[in-house]
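Trainee: Could you take me slowly through one part of this model, and show me how its aromatic rings and its neighbours fit into the rest of the chain?

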Amino acid sequence: MSIWVRISDFVSGTAGNALGGLVEQVRTVFAGDPETRARVAFSVAMIALSAKMAKADGVVTTSEVDAFREIFEIPDEEAERVASLYNLAKRDVAGYQSYAAQLAGLCGSGQPDCPMLRDILDGLFHIAKADGLVHEKELAFLSDVAAIFGITEAEFDRIRARHVDVGDGDPWRILGIDAATDYADARRRYRELVRDNHPDTMAARGVPAEFHAIAHERIAAINAAWDRVEPELRRR
């Protein structure tokens with residue numbers, strides 16, 4: 001069954017019309033099915049926070065909506081369900097900080113740089129840059145969400161580097177190493193990143209299969225970064 005059917009069925013079967021109020025209910029309703037709970041929690045997080053982020057710069061562009069549909073590969077027959085959930089999140093009067101805190105408790109591991117919360121932040125960056133750039137207010141939104149999620153500054157910088165051009169140091173930032181790192185350690189780090197960001201690994205931690213585009217985009221960025229720094233590392 002599509003994750004969107006599960007989510008919309010869940011929403012229609014619960015009282016209230018605020019998505020924020022449903023976040024905590026996910027914890028108990030799917031308590032006996034941790035795999036589905038993780039997928040539902042992740043998808044609700046993306047819907048809720050992307051809807052809130054769309055308001056950050058005051059304009060919801062077609063490209064942002066298309067980016068949301070692209071990263072989740074939403075079938076045409078499910079588009080109406082997803083749109084209704086997205087609009088529900090936009091109408092909710094709760095602030096995004098409240099959403100982020102609830103979702104951090106639902107999706108997080110309780111440790112800094114929780115992989116699933118990093119995945120959510122990565123998806124939000126993908127949507128934010130869909131209109132050609134990440135606006136200042138969007139970046140402030142993303143930075144604030146990252147702090148609530150317990151994402152360290154170093155990890156946030158690495159995620160941002162995959163999406164926003166911040167200079168010639170990008171490949172090093174993307175890999176989380178610096179120019180002083182020796183070849184063996186750098187190669188070990190590169191392999192670790194490829195393994196941790198493989199679609200199968202992401203699926204194992206509860207990221208829905210519908211989120212496939214982010215995994216491929218992330219691996220491509222990591223490989224491109226390695227291709228740029230490896231020759232320099234080998235010359236030492």
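**Aromatic pairs and helix α8**

Mentor: In this predicted model, ring pairs link Tyr183, Tyr190 and Trp226 into a cluster. Counting by the ring-centre rule, there are 4 aromatic pairs. One of them joins Tyr96 and Phe141, whose ring centres are 4.5 Å apart and whose planes meet at 50°, so this pair is tilted, since the tilted class takes in angles that are neither under 30 degrees nor over 60. Tyr96 belongs to helix α6, residues 96-107, while Phe141 belongs to helix α8, residues 136-149, so the pair ties together parts that lie 45 residues apart in sequence. Tyr96 and Phe141 are both buried. Another pair is formed by Phe125 and Phe156, with ring centres 5.7 Å apart and planes at 50°, so it is tilted too. This pair also links distant parts of the chain, with Phe125 in helix α7 (residues 115-128) and Phe156 in helix α9 (residues 153-163), 31 residues apart. Phe125 has a relative accessible area of 0% and is buried, and Phe156, with a relative accessible area of 11%, is buried as well, because buried means under 20%.

Let us now stay with the helix that holds Phe141, which is α8. Helix α8 is made of 14 residues, and the distance from its first C-alpha to its last is 20 Å, close to the 20 Å expected at 1.5 Å a residue. Its buried residues are Glu138, Phe141, Leu142, Val145, Ala146 and Phe149. Around the axis they cover an arc of only 135°, which puts them on the same side of α8. The spacing can be understood from a general rule: an α-helix has 3.6 residues a turn, so residues three or four places apart point the same way. On the face of α8 that is turned away from the buried side, we find the exposed residues Glu136, Lys137 and Ala147. Just after α8 comes Gly150, which takes a positive phi of about 80°.

The buried side of α8 also leads us to the nonpolar core. The largest nonpolar core has 53 residues, and those touching the most other members are Met46, Leu49, Ile120, Leu121, Leu142 and Phe149; of these, Leu142 and Phe149 have already appeared among the buried residues of α8. Several elements give two or more residues to this core, among them α6, α7, α8 and α9, together with α3 (34-54) and α13 (212-234). The element that gives the most is α3, with 13 residues. There is also a second, separate core of 13 residues, which includes Ala161, Ile174, Val229 and Leu233.

From Leu233 we can step to another helix, for the C-alpha atoms of Ala184 and Leu233 are separated by 9.2 Å, although these residues are 49 residues apart along the chain. Ala184 is found in helix α11, residues 183-196, and its relative accessibility of 45% makes it partly exposed.

Finally, consider the enclosed space. A search of the whole structure finds 1 cavity of 30 Å³ or more, and the largest cavity holds about 40 Å³ of space. The residues lining the largest cavity are Arg118, Glu155, Arg158, Arg162, Asn197 and Arg218. Helix α9, which also carries Phe156, provides the largest share of that lining, with 3 residues.

Notes:
Residues numbered from 1 in each chain as written. Predicted model: local features only at pLDDT ≥ 70, side-chain atom pairs only at ≥ 80, totals over all residues. Heavy atoms only, no water. Phe/Tyr/Trp six-rings, centres within 6.5 Å; stacked < 30°, edge-to-face > 60°. Helix = DSSP H or I, 4+ residues; strand = E, 2+ residues; numbered from the N terminus. Buried < 20%, exposed > 50% of the residue type's maximum accessible area, 1.4 Å probe, protein only. Expected span 1.5 Å × (residues − 1). Arc of directions from axis to C-beta. Core = buried A, V, L, I, M, F, W, Y, C linked by side-chain atoms within 4.5 Å. 1 Å grid on protein atoms, 1.4 Å probe; cavity = no way out; pocket = protein on both sides within 12 Å on 5 of 7 lines; lining within 4 Å. Points joined across faces, edges and corners; volume = space filled by probe spheres on them.
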